[in-house]
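Colleague: I have a few labels to query in this model. Take me through the reasoning behind each one.

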Amino acid sequence: MGKIREKIKGWLAGRRAPAQNLICSEIFESMAILADGSVTCGCADIFEGRVLGNVKVEPLAKIFQNERYRELRRRILSGDMPPQCQQCPFRVRLRTGREGVVGGPITWLQIDPIFNCNLKCPDCALTEMREANYFIRPRTALSLETFKSLIDQTSPTLRHIRFHMLGEPFLNRQAPEMLLYAREKIPHLFISIETNGLLITPEVQRVLVAARVDYVKFSIDGASQETYSQYRIGGDFQRAYENMAGIVAVRREAGADRPCVVWQYILFKWNDSDEEIREAQRLAREAGVDHLYWLVTHSAGASERFLPGGRYPLFEGEGQSLNETIEIAGRRGEPMVRPEPALGEYDPWK
């Protein structure tokens with residue numbers, strides 16, 4: 001329990017602050033909504049260290065314009081940033097001159113469908129809470145009613161929804177209905193999802209294609225059960241891989257152009273051999289995924305062969321790219337921009 005309490009007090013304290021001319025990417029045109037309805041400054045605040053409101057109590061517009069939001073924007077714009085903001089990995093955007101204390105229209109939402117997961121990844125806060133039997137908020141799921149209300153309230157301006165945060169989104173049994181509703185209500189909405197893939201059954205695959213979800217990233221860190229399960233503890237490599245391949249097949253059968261299916265492979269010491277990487281490349285081609293997204297991580301056990309900023313011929317070529325976590329980029333003070341939500345161009349950060 002003590003470990004979790006310390007993490008709640010200083011979740012970001014160990015991270016180096018980005019350059020001083022960079023500001024927050026989260027609070028001027030977007031909102032992060034947790035499964036219990038709490039609104040926080042962004043997904044970096046999964047422990048609710050700064051709750052700005054609750055969507056079950058107040059309308060989104062009222063929360064977005066309340067004094068807590070305005071004071072936070074005021075301090076960021078003036079340079080008098082709270083300690084959490086000074087260390088936050090999402091303070092990566094160059095000023096555009098359009099930022100204001102009032103905030104602009106809400107153009108994107110990050111929604112946490114459920115505060116729970118079906119895996120026990122070692123470096124995940126949910127795993128640590130489960131092991132300590134100490135949860136900082138209920139392991140609850142966002143209701144369909146609340147989700148519909150969020151979409152209805154933001155439909156005039158909303159352009160992008162990230163349907164994931166800390167937990168596995170498809171543990172929420174109403175997730176398919178939510179996605180279908182979002183697409184029906186806002187036909188032009190860009191919908192992106194990150195998942196471990198274990199619950200993307202044939203039925204869910206059909207929903208993702210029918211709802212024209214734009215982007216689905218599968219987190220599968222290995223090309224065999226032996227390597228995959230060292231981090232994705234409790235997972236089944238074959239099931240995750242077959243579900244990923246399955247959605248590509250459903251998309252092809254439907255003659256659809258979406259979702260874009262991305263295989264994210266975090267590089268660790270135990271899965272970064274040439275043989276394992278080439279096997280993943282072969283499997284990706286066989287499944288027909290659109291992109292193989294290699295990721296250099298800041299997490300414990302990170303690969304020592306492949307380092308941030310390096311260039312490696314093994315990862316070059318069409319259909320794959322070598323990337324790094326935003327925490328790594330933020331430590332270097334590199335400016336980043338949120339990409340335009342467009343099929344074929346989307347990447348969580350650039």
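Modeller: Start with the salt bridge: a side-chain nitrogen of Lys or Arg within 4 Å of a carboxyl oxygen of Asp or Glu. Keep in mind that this is a predicted model.

Colleague: What makes E316 and R311 a salt bridge?

Modeller: Their closest N and O atoms are 3.6 Å apart. The cut-off is 4 Å, so the pair counts.

Colleague: Are E316 and R311 buried or exposed?

Modeller: Exposed means over 50% relative accessible area, and buried means under 20%. R311 has 73%, so R311 is exposed. E316 has 44%, which lies in between, so E316 is partly exposed.

Colleague: How do you know that R282 and E279 form a salt bridge?

Modeller: The closest N and O atoms of R282 and E279 are 2.7 Å apart. That is within 4 Å, so the label holds. The two residues are 3 apart in helix α11, and therefore about one helical turn separates them.

Colleague: Why are R282 and E279 called partly exposed?

Modeller: R282 has a relative accessible area of 35%. E279 has 29%. Both values fall between 20% and 50%, so both residues are partly exposed.

Colleague: What makes D80 and R75 a salt bridge?

Modeller: Their side chains meet at 3.6 Å, N to O. The limit is 4 Å, so this pair qualifies. D80 is partly exposed because its relative accessibility is 45%. R75 is partly exposed too, at 25%.

Colleague: How many salt bridges does the structure hold?

Modeller: It holds 17. Some are linked: R183, D214, D257 and R258 make a network of salt bridges. R258 also takes part in a cis peptide bond, joined to P259, with omega about 10 degrees. P259 sits in the loop between α10 and β10.

Colleague: Why does R73 have no salt bridge?

Modeller: The nearest side chain of opposite charge is E67, and E67 is 8.8 Å away. A salt bridge needs 4 Å or less, so R73 has none. R73 is buried all the same. This arginine lies in helix α3, residues 67-78.

Colleague: Which residues is R73 in contact with?

Modeller: Leaving aside neighbours within four places in sequence, the contacts of R73 include I27, F28, F64 and V101. With the same neighbours left aside, I76 is in contact with residues including I23, I27, F28 and R95.

Colleague: Where does I76 stand in the nonpolar core?

Modeller: I76 is among the residues with the most contacts inside the largest core, along with M31, F147, L179, L208 and W263. This core has 96 residues. Its largest share, 8 residues, comes from α10. Another core of 8 residues lies apart from it, with L34, C88, F90 and M165 among its members.

Colleague: Which residues of helix α8 are buried?

Modeller: In α8, residues 202-210, they are V204, Q205, V207, L208 and V209. These buried residues pack against α7, β8, β9 and α10.

Colleague: What makes R212 stand out after α8?

Modeller: Phi of R212 is near 50 degrees, a positive value in a residue other than glycine. R212 lies in the loop between α8 and β9. At 38% relative accessibility, R212 counts as partly exposed.

Colleague: Why is strand β11 called largely enclosed?

Modeller: 5 of its 6 residues are buried, so the rest of the structure largely encloses β11.

Colleague: How do you know that β11 pairs with β10 and β12?

Modeller: Pairing takes at least two bridges. β10 and β11 have 6, so they pair, and the sense is parallel. β11 and β12 have 5, so they pair as well, again in the parallel sense. Between β10 and β11, W263 has L292 as its bridge partner. Between β11 and β12, L295 has N323.

Colleague: What is the handedness of the crossover from β10 to β11?

Modeller: The chain goes from β10 through helix α11, residues 274-287, to β11, and this β-α-β crossover is right-handed.

Conventions:
Residues are numbered from 1 along each chain as its sequence is written. This is a predicted model: local features need pLDDT of at least 70, side-chain atom pairs count only at pLDDT 80 or more; totals for chains, interfaces and linings use all residues. Side-chain values use heavy atoms; hydrogens and water are left out. Buried means under 20% relative accessible area, exposed over 50%, partly exposed in between (1.4 Å probe, protein chains only). Helices (H or I, at least four residues) and strands (E, at least two) are DSSP runs, numbered from the N terminus. Contact means heavy atoms within 4.5 Å. A nonpolar core is a set of buried Ala, Val, Leu, Ile, Met, Phe, Trp, Tyr and Cys residues joined through side-chain atoms within 4.5 Å. A crossover is right-handed if, with the strands pointing away from the viewer, the path from the first strand over the helix to the second runs clockwise. Lys and Arg count as positive and Asp and Glu as negative; His and the chain ends are not counted.
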